[in-house]
Amino acid sequence: MADTNGAALLQLLRSSLTSLLTDALTELRQAGGLAQLGKAGPEWAGSGFEDRLLAPIVDGGAAANPVTARVIGALRKLTQIQGRQATAGLLGWNPDPANPAAERGIACAVRIEADNGGFAAVMAVTMDAGEPRIDILAKGRAAQSAALALDGEWSLSAGGHVTDVVEIRLPQSGSATVNRGSSGDTIRIDLSRTESAPPGRDPGIDLGATAFTATLTMIGVSPELTGGVQIRGGQVRIAPGEVSAVVPRIAPTPLDVDLALSSSTGVDIAGSPTLTVRLPSSASLPGVSTGPLDVELIPKLDQPPRIDVRVSCAIALDLPDVPIHLSIDGNGFELPFRLGGPALAFDPLELLLHTPTGAAVGLSLPIVKGSGRLSHTDDGYSGMLAVAMPPLAVNALGALNVRTGAFLLVLGSVFPPPGIQIGFGFAITGVGGIVGVGRRIDRDALTRSVQDGSAASLLFPADPAKAARDLVPMLDRMFPVSPGSVTIGPMFQISWGGRLLTGSVALVVELPDPVRLSVLGKIVLAVPDPALPLIKLQITFFGQIDPSVPSLSFLASLTDSNIAGIPITGDMFVLVRGGADADIVVSAGGFHPQFDRPAGVPALNRIAMTLASGPMLQLRCTAYIALTSNTLQFGAFAELVAEVAGCGLRGHLGFDVLIQFSPFHFIAEISAAIAVEVLGETLVGIALDFSLEGPGHWRAAGRGRVDLFLFSASFDFDESWGGSIPAAPAAPNVGEILTAALRKPDAWRASAPDPATTPVQLTAAAGVALADGGALHPRGSLSVRQKVVPLGIEIDRFNRVPITPQRWDVVDPVLGGGRPAPTTGEEREQFAPAAFLTMTDDAQISRPAFESFRAGLKLVAGEVVTGEERGIDFEYETKVISRHVSTGSSAVLNIGSLVAAVERVAGAGIDHPLWWHTGLEAVAVSDGPTYALVNAWSFTEATDIAPVSRNATELYQAVVAARSADPRRVVEVAQAWEMDGA
């Protein structure tokens with residue numbers, strides 16, 4: 001059976017029917033009446049199964065479960081059919097007459113008398129080894145009977161054609177088993193209900209007159225069940241939900257629909273196995289029209305199981321004398337039909353009204369015309385409106401979060417050609433801005449949108465409808481809700497040479513903390529004319545300055561670009577970052593394949609050109625170049641496919657280069673292959689992977705392969721030649737360089753003490769002397785810091801020039817007069833480890849580009865003796881300024897209270913807490929990787945030898961020192977999160 005909603009619904013109906021009948025059997029057994037039932041009466045003689053039928057079940061007690069009670073009550077209604085032409089009832093069932101101890105069940109039986117014979121059918125419910133089982137038996141022949149009344153609403157008819165006896169066993173799941181039966185045997189049961197209750201007025205569904213049919217036919221040795229449900233005179237009532245104030249009443253939609261059932265294909269509604277149907281609908285008010293009504297059945301295998309009926313339609317408003325057209329989508333509700341538990345019907349308490357999914361807006365005024373789209377999101381609404389106000393065209397893109405009140409508005413106004421001329425061929429062709437309250441910029445999401453080109457639609461889109469489709473679902477990701485944040489900035493569009501070059505840029509500031517400046521823009525070059533360009537380059541870019549790090553990042557991406565029809569794509573990225581995780585990265589097209597991108601650096605698309613993309617010839621080239629503080633990386637790759645009728649040529653050529661600056665060293669890896677293929681088989685081909693390392697001592701290594709139609713051969717090589725690496729330049733005198741750096745005035749900084757910690761008041765002249773650095777406060781501090789040599793570690797290079805391994809530090813500092821100067825801490829600076837240490841290629845790629853090393857000390861004077869204190873009288877004045885602003889009552893707002901509220905908030909300063917969310921819990925984010933020294937056998941921190949610093953280089957040198965002191969000690973450097981228990 002196909003895996004569709006219809007198949008799932010059939011399985012749900014089958015399992016639910018089995019469960020309902022099994023619960024009824026269990027309840028009747030517990031009542032204790034089944035064991036005392038005798039044989040069935042003479043009216044069942046000759047039915048073919050009279051030996052297994054028992055007497056009718058008259059009383060089973062009151063069931064605790066209301067659904068089970070309703071099922072038993074419905075089955076007992078069969079006893080209403082009694083007469084000369086037909087008899088039926090709920091009877092006991094003995095599955096094995098030869099075994100008196102067999103566990104008894106229940107049976108629904110019906111017998112039809114006819115002139116040429118008769119027909120009898122039984123549905124028996126028993127338990128087999130604890131599992132429920134339904135047996136269907138029939139015998140005889142009779143045409144479909146007339147409707148046999150069960151009560152005032154329901155009636156039953158039956159008939160069939162059975163050669164001898166048919167007996168089919170139906171387990172709760174799986175295939176049916178045929179014990180007896182012949183091909184062509186048929187059983188048909190019809191159950192119908194007349195329309196009884198009057199239609200409701202609340203949102204919901206009335207089924208009207210309903211008929212159920214079920215036909216069981218033997219096809220060969222397999223049973224085939226078919227049937228259906230026919231609904232006539234029903235109706236669906238739609239509640240307009242959130243637009244009820246505008247549309248007070250929508251006319252009910254007639255519900256006349258057929259459901260078909262087949263054991264091989266499942267259930268379908270109006271021929272749809274997905275269980276969806278579209279019905280015509282109408283409105284009850286002038287100026288209001290409704291679209292088709294979509295009805296969907298959704299089977300839910302929950303406990304208890306249910307069928308959700310989902311109803312939705314569109315409502316269009318074209319009110320007289322109102323120049324606004326509104327089309328609202330997704331109006332409707334969802335109503336479950338319970339198949340167990342406390343109910344066996346529609347559950348009105350679980351009716352769920354749908355919030356409209358969106359609305360199309362049209363505006364038509366004598367001067368202003370426009371259109372737009374509003375969509376509903378999880379927490380609010382977002383959309384776009386394009387308005388033409390000759391000679392201007394205005395686009396507005398916005399998002400509102402209903403739960404938090406955060407909103408975003410991107411507004412752009414485009415001037416008609418030639419714009420506002422500002423000289424030298426430049427013209428301002430558009431102005432606008434971005435305003436977000438309770439919103440911030442998500443750098444990662446905006447970066448991704450720049451790379452795929454969708455961010456370009458934020459800036460004066462040429463096609464507002466396409467911009468709305470692309471951007472509306474992304475607004476909450478690019479500008480997520482951030483209570484207390486404000487995002488604001490202007491937006492401009494400038495063109496040059498008419499439409500030859502157009503640039504759009506938005507400068508956005510994020511407030512209050514952290515303060516960040518972002519620039520978002522696009523540049524479009526179209527030569528000779530945008531209508532039919534020979535060259536089109538569209539560059540979308542995004543840059544951000546974050547003083548809190550501090551960092552500067554810039555990303556530019558080529559999208560929707562081509563040169564003479566040749567597509568060109570790629571990304572460029574620049575990062576300059578300070579702080580604990582300092583780094584410098586410049587890349588066009590990405591990085592070396594073995595390079596681990598630093599934090600904050602996105603995956604970049606290669607600079608790529610597709611020179612040919614036809615069905616017979618494909619040629620594509622990609623390239624990259626990157627510069628970091630440790631390495632220079634570049635590479636390229638070209639791929640060719642030329643094929644006709646399964647025969648052709650395939651090949652590629654690529655290289656990747658990693659260069660170390662000092663001493664100069666490089667590794668180049670080259671890969672090339674070409675093959676002639678016929679119908680997927682290689683006729684002749686050659687491939688080579690080659691690496692070259694140098695200069696000085698050169699090394700070439702690689703592997704090759706030659707393939708012919710009849711055989712193939714491979715070869716490897718590894719050759720070295722040349723002399724030693726050229727001698728390095730003369731080693732510099734690091735001590736003299738360090739001494740000179742420490743003697744510079746800008747290496748020293750004097751700091752005054754906190755005025756609250758000292759009673760001494762200085763004169764103005766003394767303050768000037770302290771500020772100029774000519775004097776040091778007795779209780780102040782003095783710090784010295786240089787930026788040329790990392791202190792406290794062993795270095796073997798200086799600015800990448802090899803030197804004798806040495807360690808430099810500042811020890812036992814003294815002040816004037818030879819007095820010792822106690823130290824209160826250390827000064828640290830960012831250094832590039834590769835400039836001072838010999839590092840492997842892997843270490844240069846994987847280790848941080850910059851690390852924080854000790855660069856100086858903080859000093860204080862020794863014991864300070866002060867003179868006698870002198871008292872002085874101070875005069876002061878106290879003034880209390882209240883910061884409380886009353887916001888008044890939160891009762892129903894009228895115009896008067898609105899005006900009063902505006903007056904109150906207008907009197908508050910911009911820094912007043914009324915405008916900002918306070919008491920938010922801050923989340924601390926690590927600036928970069930934290931390292932630790934760990935015991936290799938347990939991966940716990942080696943606290944006895946680990947230095948205070950988490951600098952990776954200092955920890956690596958601590959490992960060397962620990963192993964030198966105790967060769968048995970096995971310690972390693974790891975990131976802190978890798979430790980046991982971290």
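How many residues lie between β22 and β23 in the hairpin that they form? Three residues separate the two strands there. Keep in mind that this is a predicted model. The hairpin is a good place to enter it.

Strand β22 covers residues 369-376, and strand β23 covers residues 380-389. They run antiparallel, and eight bridges join them. One pair can be picked out by name: S371 of β22 has A386 in β23 as its bridge partner.

Now follow the chain onward. Another hairpin leads from β23 to β24, this time through two residues. These strands also run antiparallel, with 10 bridges between them. Look for G383, which stands opposite G398 in β24.

The next step goes from β24 to β25. Strand β24 spans residues 392-401 and strand β25 spans residues 407-414. Again the direction is antiparallel, and the number of bridges is eight. A399 stands opposite L408 in β25. This pair of strands forms a hairpin too, with five residues between them. In its turn sits G405, whose phi is positive, at about 80°.

Strand β25 has a further partner. Eight bridges join β25 to strand β27, residues 426-439, and the two run antiparallel. L408 appears here as well: it stands opposite G436 in β27. So far, then, L408 has been met facing A399 and facing G436.

Turn next to the start of the chain. Helix α1 takes up residues 5-31, and helix α2 takes up residues 66-76. Their axes lie 9 Å apart, and the helices pack at an angle of about 90°. That makes α1 roughly perpendicular to α2. On the α1 side, the contact is made by L20, L21, D23, A24, E27 and L28. On the α2 side, V67, T68, V71, I72, L75 and R76 take part. Sorted by class, this contact holds eight nonpolar residues, one polar residue and three charged residues.

Strand β1, residues 53-56, contains A55. Is A55 buried or exposed? Its relative accessible area is 18%, so A55 counts as buried. What does A55 touch, leaving aside residues up to four places away in sequence? The residues are L37, G38, K39, A40, L91 and G92. L37 is 18 residues from A55 along the chain, yet their C-alpha atoms are separated by 5.6 Å.

Now move far along the chain, to an open sheet. Four strands form it, in the order β44-β45-β49-β48, and the pairing is antiparallel. The edge strands are β44, residues 748-751, and β48, residues 823-831. Each of these edge strands pairs on one side only. On average, neighbouring strands of the sheet are turned by 25° against each other, direction ignored. A helix packs on this sheet: α10, residues 952-965, touches β48 and β49. The direction of α10 makes about 90° with that of β49.

Within the sheet, strand β49 covers residues 851-860. Eight bridges join β49 to β48, and the two run antiparallel. G825 has K858 in β49 as its bridge partner.

Last come the salt bridges. A search of the whole structure finds 29 of them. One connects E829 and R785, with the closest N and O atoms 3.6 Å apart. E829 lies in strand β48 and R785 in strand β45, residues 781-785, so the pair ties together parts that are 44 residues apart in sequence. E829 counts as buried, because its relative accessibility is 17%. R785 has a relative accessible area of 29%, which means that R785 is partly exposed. There is also a network: salt bridges with shared partners join D809, E826, R828, R854 and E954.

Two more pairs are worth finding. The side chains of R306 and D308 meet in a salt bridge at 2.7 Å, N to O. Both of these residues are buried. The side chains of R703 and D716 also meet in a salt bridge, at 3.1 Å, N to O. R703 lies in strand β42, residues 698-708, and D716 in strand β43, residues 712-721, so the pair ties together parts that are 13 residues apart in sequence. Here, both R703 and D716 are exposed.

Methods: Residues numbered from 1 in each chain as written. Predicted model: local features only at pLDDT ≥ 70, side-chain atom pairs only at ≥ 80, totals over all residues. Heavy atoms only, no water. Axes fitted to C-alpha atoms, helices over the stretch in contact; angles between N-to-C directions. Parallel < 35°, antiparallel > 145°, perpendicular 65-115°, else oblique. Contact = heavy atoms within 4.5 Å. Nonpolar A, V, L, I, M, F, W, Y, C, P; charged D, E, K, R; others polar. Pairing = 2+ DSSP bridges. Salt bridge = Lys/Arg side-chain N within 4 Å of Asp/Glu carboxyl O. Buried < 20%, exposed > 50% of the residue type's maximum accessible area, 1.4 Å probe, protein only.
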